[in-house]
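Subject: Structure handover

Hi,

Here is the structure I promised. My notes follow below it.

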Amino acid sequence: MKRIAIFASGSGSNAQRIMEHFKRNKEMEVALVLCNKPDAYVLQRADNFEVPTHVFNREELYHTNSIDNLMKNLEIDLIVLAGFMWLIPERIIQAYSKRIVNIHPALLPKFGGEGMYGKKVHEAVLESGDTETGISIHYVNELFDEGEIIYQSRCLIDSNDDAEKLAYKVHQLEHLHYPKIIEDLLKKLDKKVYPGTH
Ligand code: GRF
């Protein structure tokens, strides 16, 4: 069994699609949802799918190994960020090289970086005068939205689109593609070996 851990901070509509996608898969599963906000709706969504959850704060993520140990014990193969608002600590990036992915609601390398999230991204896209936008799925490194791009999908911007309409279109693209790209990546990944457990 290959196992996914999802990090999310908010509503979790992508997390929901991913949990739905893998629900009946016998070789891959969402084994854990990690969240830095105790009242985030993603936790409810995870409960609905009977996926274990773990809520943490900054101290735990950046200054202890408890999340590392949790993922080790669950034999997590791939970390999926789905609306997670904090940087992943360097030690986790090193331990999960090419095993952490994120989705961004624009065509990177444009419209990414610190502070570029939610509505702000779509407003910046509209202001730029670009005629298309889309999604970017990329590996995660120590910087916001800068890891190698794995996949992009595009949609046209209509003259009457506002930030809300763009957000809707882009979310639809995310829901359509993210689960399948995760599945393809997992198929190609060897089972992760955790030193000391085998
Ligand atoms: C998505 O638009 C994703 O691109 C970004 O955060 C948003 C999360 O949305 N990284 P949701 O919580 O999955 O609905």
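Which residue has a polar backbone atom 2.9 Å from a nitrogen atom of the ligand? It is Ile 103. A polar contact here is a pair of N or O atoms within 3.5 Å; within protein, one must be able to donate a hydrogen and the other to accept it, and residues adjacent in sequence count only if both atoms are side-chain atoms.

Ground rules next. This is a predicted model: local features need pLDDT of at least 70, side-chain atom pairs need pLDDT 80 or more, and totals for chains, interfaces and linings use all residues. Numbering runs from 1 along each chain as its sequence is written, and side-chain values use heavy atoms, without hydrogens or water.

Ligand site
A polar backbone atom of Asn 14 is 2.8 Å from an oxygen atom of the ligand. Pro 105 has a backbone N or O atom 3.5 Å from a ligand oxygen. On its own, the ligand has 360 Å² of accessible area (Shrake-Rupley, 1.4 Å probe), and the protein covers 81% of that. The residues around the ligand (a heavy atom within 4 Å) include Ser 11, Gly 83, His 104, His 171 and Glu 174. Helix H1 (13–22), strand S5 (100–104) and H7 each give that shell at least two residues. Helices (H or I, at least four residues) and strands (E, at least two) are DSSP runs, numbered from the N terminus.

Helix H7
H7 covers residues 163–188, 26 in number. Its expected span is 38 Å (1.5 Å times one less than its number of residues). The end C-alpha atoms are 36 Å apart, which agrees. H7 bends by about 30° at His 177 (the angle between axes fitted to the seven residues ending there and the seven starting there). Pro 179 follows within four residues.

Backbone points to check
Most residues other than glycine have a negative phi, and most peptide bonds are trans. Glu 50 has a positive phi of about 55°. Glu 50 sits in the loop between helix H2 (41–48) and strand S3 (53–55). Leu 108 and Pro 109 are joined by a cis peptide bond, with omega about 15°. Pro 109 lies in the loop between S5 and helix H6 (119–128).

Best wishes
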